[in-house]
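Open the model in your viewer and keep the sequence panel beside it. This tour tells you what to select at each stop.

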Amino acid sequence: AKFEVEEQVTERNLADDRRILLAEVRNGLSVLTGSDEKLTRDQLDLVNVVANTLAIDRLLPGREIAEGESWTHDAATLGALLCMDHVAVCDVSSVVTEEAERQVQIRLAGTVHGTVDGTPTEMELRAAYLFHLDEKRITRFNFAIKEVRKNSEIVPGLDVVAKAFVTIDPQNKSLDLPPAVQKLASRTSEPLSQTLVYESPAKNFRFEYDAAWFVTAEERDLLSFRFLHDHDLTAHCNLSVLPPRSAGRHTPLEQFERDVRESIGDKLETVSASTEWQTKRGYNCLGVIADGKVNDVAIQWRQYLVSADDCPRLSFAVTLERAQGEKFADAERQIIDSLQLVPAPPAATASKAEGVSR
């Protein structure tokens, strides 16, 4: 993709190891994932776009239609076509206008209300498409969308008109895919996992996370992201990057719990858990779960500190209403369990520093 803003051009591409993708439409949801390496959020946004070609043929009525006859489309079809999280209102229909040269011309119009990336949106849709009587499928699809997306706690609002032009040519040659990819693609009994990967700007850590998490602020040493469940804000997390610990030294659990208690202050009611363990990669992790109240609302704080020799330490601070605990479950543990730290480059020795000064 190429972005042009005030004469400044930015290009974004998929990495070479993420160019074979698995895609599926299931229960009105569109899912895309890398076959070897999981996608980042930016990479997913490159390919998870409107006019999803896996969903286009679902616009067909499934029966013979006469010229001038119309039919309505269901929410699952439009949700997949538009890559929406949820469709609340779907008032969209198509009508056959004419047939020429073995191609049936069809027009679509209507409105859809729902959410995209957890953000409420309203869309007016117009489309003209062709059904080829010999190919028995839609071969051309021209789409126009007028969208008003509201401000949310995840992304700013927007008011935009977007157009998509799709041509579908039958491919007679079989795809030459690696056996491992074919095996993964054949597992259709369960949905594809929409797990993403986050890579820090400084390249000093990475982790996997569910697509229900959305990054809302990103700085060199601070990352903020929020978790949506059923399109509602459920939890907030701040991730802070701290300097590496000294070799052989780490923060005792008792000290970490005292620090958590002090940071919460008089809002704290009780500490329900205080534990220490090693992650799958052998990193030391401290965890404290505390309960309290803020303005008479029951709140839970989940604080974690992950550390390893010669690596940056990461502090996780998760905040959620206690009433959301069942929905949120242990969503933060996927991040911690998959966390990969990158050792900091060795500091220059004193002799080398002196040599440079001379």
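How far is the sulfur of Cys83 from the closest cysteine sulfur, and which residue holds that one? Select Cys83 and Cys90: the gap is 15 Å, too far for a bond, and Cys90 holds the closest cysteine sulfur.

Before moving on, some ground rules. This is a predicted model, in which local features need pLDDT of at least 70 and side-chain atom pairs count only at pLDDT 80 or more, while totals for chains, interfaces and linings use all residues. Residues are numbered from 1 along each chain as its sequence is written, and side-chain values use heavy atoms, with hydrogens and water left out.

**Stop 1: the cysteines**

Stay on Cys83. Its relative accessible area is 12%, so Cys83 is buried (buried means under 20% relative accessible area, exposed over 50%, partly exposed in between, with a 1.4 Å probe and protein chains only). Now select Cys311. Its sulfur lies 14 Å from the closest cysteine sulfur, in Cys285, again too far for a bond. Cys311 is buried too, at 5% relative accessibility. The structure holds zero disulfides (a disulfide is a pair of cysteine sulfur atoms within 2.5 Å).

**Stop 2: the whole protein**

Zoom out. The C-alpha atoms fill a box of roughly 80 × 60 × 45 Å along the principal axes. Of the 358 residues, 39% count as buried. Switch to a cartoon view. There are eight helices and 20 strands (DSSP runs numbered from the N terminus: helices are H or I with at least four residues, strands are E with at least two).

**Stop 3: a three-stranded sheet**

Select S11, S12 and S20. They form an open sheet in the order S11-S12-S20, with antiparallel pairing. Strands S11 (195-199) and S20 (340-341) stand at the edges with a single partner strand each, so one side of each has no neighbour in the sheet. Strand S12 covers residues 205-210 and pairs with S20 over two bridges (two strands pair if DSSP finds at least two bridges between them). Pick Phe205 to see one spot on this pairing: Leu341 in S20 stands opposite.

**Stop 4: a hairpin early in the numbering**

Go to S3 (residues 21-26) and S4 (residues 29-34). Six bridges join these antiparallel strands. Arg26 has Leu29 in S4 as its bridge partner. Two residues lie between the strands of this hairpin, and Asn27 takes a positive phi near 55 degrees.

**Stop 5: around S19**

Select S19, residues 313-321. Strand S15 (residues 232-242) runs antiparallel to S19, joined by eight bridges. Here Leu242 stands opposite Arg313. Next add S18 (residues 297-307). Eight bridges join S18 to S19, also antiparallel. Tyr304 has Phe316 in S19 as its bridge partner. The hairpin of S18 and S19 has five residues between the strands, and Asp310 takes a positive phi near 65 degrees.

**Stop 6: Ser274**

Is Ser274 buried, partly exposed or exposed? At 26% relative accessibility, Ser274 counts as partly exposed. Ser274 lies in strand S16 (residues 268-278). Add Val288, which is 14 residues away along the chain; the two C-alpha atoms are separated by 4.4 Å. Leaving out residues up to four places away in sequence, Ser274 touches Leu253, Glu257, Gly287 and Val288 (contact means heavy atoms within 4.5 Å).
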